[in-house]
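Welcome! Please take a moment to look over the sequence and the model below before reading on.

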Amino acid sequence: MGAIKLELPCPQNVHGIAADPEPDWSFDSLLSEIDSIENQLKASSSIPLPFAKAQSRGFSGRKELPANSKAFVMCVDDYVMEDSESEGEEDGHNRSLVAAKRFNCDDLYLSDSDDDSDYELALGDGQSYLMDEMGLAESCLRELSHEHKLRVQDEIRNEISALEAELMRETEKTVSAFARVEKYIEARREMDRKLDTQYQRKIAEALDNHLTAVQRDHEQKSQIEERKIRSDAAHEEAKRKEKVLQEERLRQERARAELEAKRRAEEARLAALESDRRAAKEAAEREAAEREAAEAEAAKKKSEVVRGAKSALILEQGRLEKLNELEEANQKLRSSSNMNFSAHERHIARLIRQITGIKENVRAKASELVKLLTAPTFPQSIAVATFAKKVVANCESPDNAAFACAHVIVVVTSQVPLAMDLLLAEFHRACIYTVPKHFAYSKSVFESKEAYYKKVGHREDDGKVESVMDYLKRLRSYMKLYGALVQTEVQGVHNAHGPKEGWAWLARFLNSVPANMYTAVALSAFLQVSWRTEFL
């Protein structure tokens, strides 16, 4: 039969049932199966069985196994079965072992305490007994098991094939259903897109109609408003013209009244002038003698009236003397020469008036003025005096650029040093606060307020002294140019009357000049320009 492999039984699960790879036979079921086989064999064959039924179920004189002894499993290798059964039979299984059968070896008792000879004897006896007992029944049992296994496998394969076919049919149905669903979804999507397009088209048409209606309504309202505005404008224009006509009539009436009043006032003035002329002629003789005494007394008190630093007054006197001497020399030169000085002087004045706050303009005007003042064909004394006088006179111009003019002065005086002293002298003549100095009012020194105002610097026009506001306006323009001059610094050019003289002027002004309206305006104008950065 081939080799037989004996193994211990497989471990049991929690229910006490052996977890063998194949369904196992219990001993009772095995016996019942053997009995059924014997009965079949008896009915079909006359060959005596190798062992009796009573002998197979119980063995007299056997040794009892211990209570803890277990049955063992006998497994036969596949290649042994193939050799013993049929070399041409195909193996339908991939397992390395065939179905194992369990047998309880109650007929064999193995004791560890016996010696080797007893063990071999007992093993020999038991093995012969097993071989006798497992003869034909084992072969039949194995054949039945194999047939049963093949039948079960065929049934399982058939069931699997049926299930696979059913699965294929269900898969095809599912795929077909999914395809139908996809087609339905695509059709619904296409329908939804068409409906959306149609709905959007309707919305666009409705919106366009609405916007057209709104625009039309807006245009109608605009036309109504425009007509209303034109009507109101025409009404306002008519009212304005009526008002202008009324004002023109009133103006003409006032003009006629003013002309009448002026005529009467002129007549009264002429009469007053005639009486004043007679009175003045009579008083002139009386005042002549009084004036001589008053002049002597005024000279005495003049030192008490003038307020200013002694050093500043000395500098002023020196500059004014130099200017007076130069003017006298120029007067003699004009009278003795046949040269036309007017064109040259007008050219200088025009260049000074054209000075603006543009860098290129300042550089160009400064260069041209330097050329005119140093030209050998024209007397320099007259050119310098004209330059100084026109610069100071240009301060009163409303569009005078103080920093630009100061830049030109610094450049010109660096080339013609005499121009700085003459310019400062002209400043002292035009504004006493550039010295700085101030005249205190005293009735014993000044005959009247008008005389005091003239001494301070007020101008007189047609016998009428300049108002305080006009004088302060001129004073502010002079001080702005003077403040710009003392703080202007040009790169590469020395300022002969720069920041040092500016600080000295400020110290003399604060220490020697009293606080009043004139000095406040002068100081404010000076400080407004002195804190700014230089022009170039």
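The report below goes from the overall picture to the core, the surface and the charged pairs.

## The overall picture

What you have here is a predicted model. The protein contains 15 helices and 7 strands. Of its 536 residues, 28% are buried. Its exposed area is about 36400 Å², and 54% of that comes from carbon and sulfur atoms.

How do the contacts spread along the sequence? Among contacts with a separation of 6 or more, 74% are between residues 24 or more positions apart.

## How far to trust the model

The average pLDDT of the protein is 78, and 75% of the residues reach at least 70. Two stretches call for care. Residues 1-21 stay under 50 in pLDDT, and the model gives them 34 contacts beyond four places in sequence. Residues 46-133 also have a pLDDT below 50, with 106 contacts in the model beyond near neighbours in sequence.

Where pLDDT is low, it is best not to read the predicted coordinates in detail.

## Inside: the nonpolar core

Which residues have the most contacts inside the largest nonpolar core? They are Leu373, Phe387, Ile409, Tyr433, Leu475 and Met479, in a core of 74 residues. In soluble globular proteins, nonpolar side chains tend to be buried together.

Phe387 is a good place to start exploring. Leaving aside residues up to four places away in sequence, Phe387 touches Ile348, Ile352, Leu369, Leu373, Ile409, Val412 and Ala419. Two of these partners, Leu373 and Ile409, are also on the list of core residues with the most contacts.

## Outside: a nonpolar patch

Now turn to the surface. Val181, Tyr184 and Ile185 make a nonpolar surface patch of about 280 Å². Ile185 belongs to helix H5, which covers residues 136-305. With a relative accessible area of 31%, Ile185 is partly exposed. Residues need over 30% relative accessible area to join a patch, so Ile185 at 31% meets that cut-off.

## Charged pairs along helix H5

Side chains of opposite charge can pair when their charged atoms come close. The model has 22 salt bridges in total, and helix H5 offers some examples to look at.

One of them joins the side chains of Arg142 and Glu138, at 3.7 Å from N to O. Both residues are in helix H5, 4 residues apart, or about one turn of the helix. Is each partner buried or exposed? Glu138 is buried, with 6% relative accessibility, whereas Arg142 is partly exposed at 24%.

## Further along the helix

Arg193 and Glu190 form another salt bridge, at 2.4 Å from N to O. These two are 3 residues apart in helix H5, so about one helical turn separates them. Arg193 is partly exposed at 40% relative accessible area, and Glu190 is partly exposed at 33%.

Glu267 and Arg263 are also linked by a salt bridge, with their closest N and O atoms 3.0 Å apart. Glu267 and Arg263 lie 4 residues apart in helix H5, so they too are separated by about one helical turn. Glu267 has a relative accessible area of 46% and is partly exposed, while Arg263 is partly exposed at 39%. This pair belongs to a network: salt bridges with shared partners join Glu260, Arg263, Arg264 and Glu267.

Methods:
Residues are numbered from 1 along each chain as its sequence is written. This is a predicted model: local features need pLDDT of at least 70, side-chain atom pairs count only at pLDDT 80 or more; totals for chains, interfaces and linings use all residues. Side-chain values use heavy atoms; hydrogens and water are left out. Buried means under 20% relative accessible area, exposed over 50%, partly exposed in between (1.4 Å probe, protein chains only). Contact means heavy atoms within 4.5 Å. Accessible areas come from the Shrake-Rupley method with a 1.4 Å probe; for residues, only the protein chains shown count as cover. pLDDT is the predictor's confidence in each residue, from 0 to 100. A nonpolar core is a set of buried Ala, Val, Leu, Ile, Met, Phe, Trp, Tyr and Cys residues joined through side-chain atoms within 4.5 Å. Patches are made of residues with over 30% relative accessible area and no salt bridge: like charges are joined within 9 Å, nonpolar side chains (Val, Leu, Ile, Met, Phe, Trp, Tyr) within 5 Å. A salt bridge is a side-chain nitrogen of Lys or Arg within 4 Å of a carboxyl oxygen of Asp or Glu.
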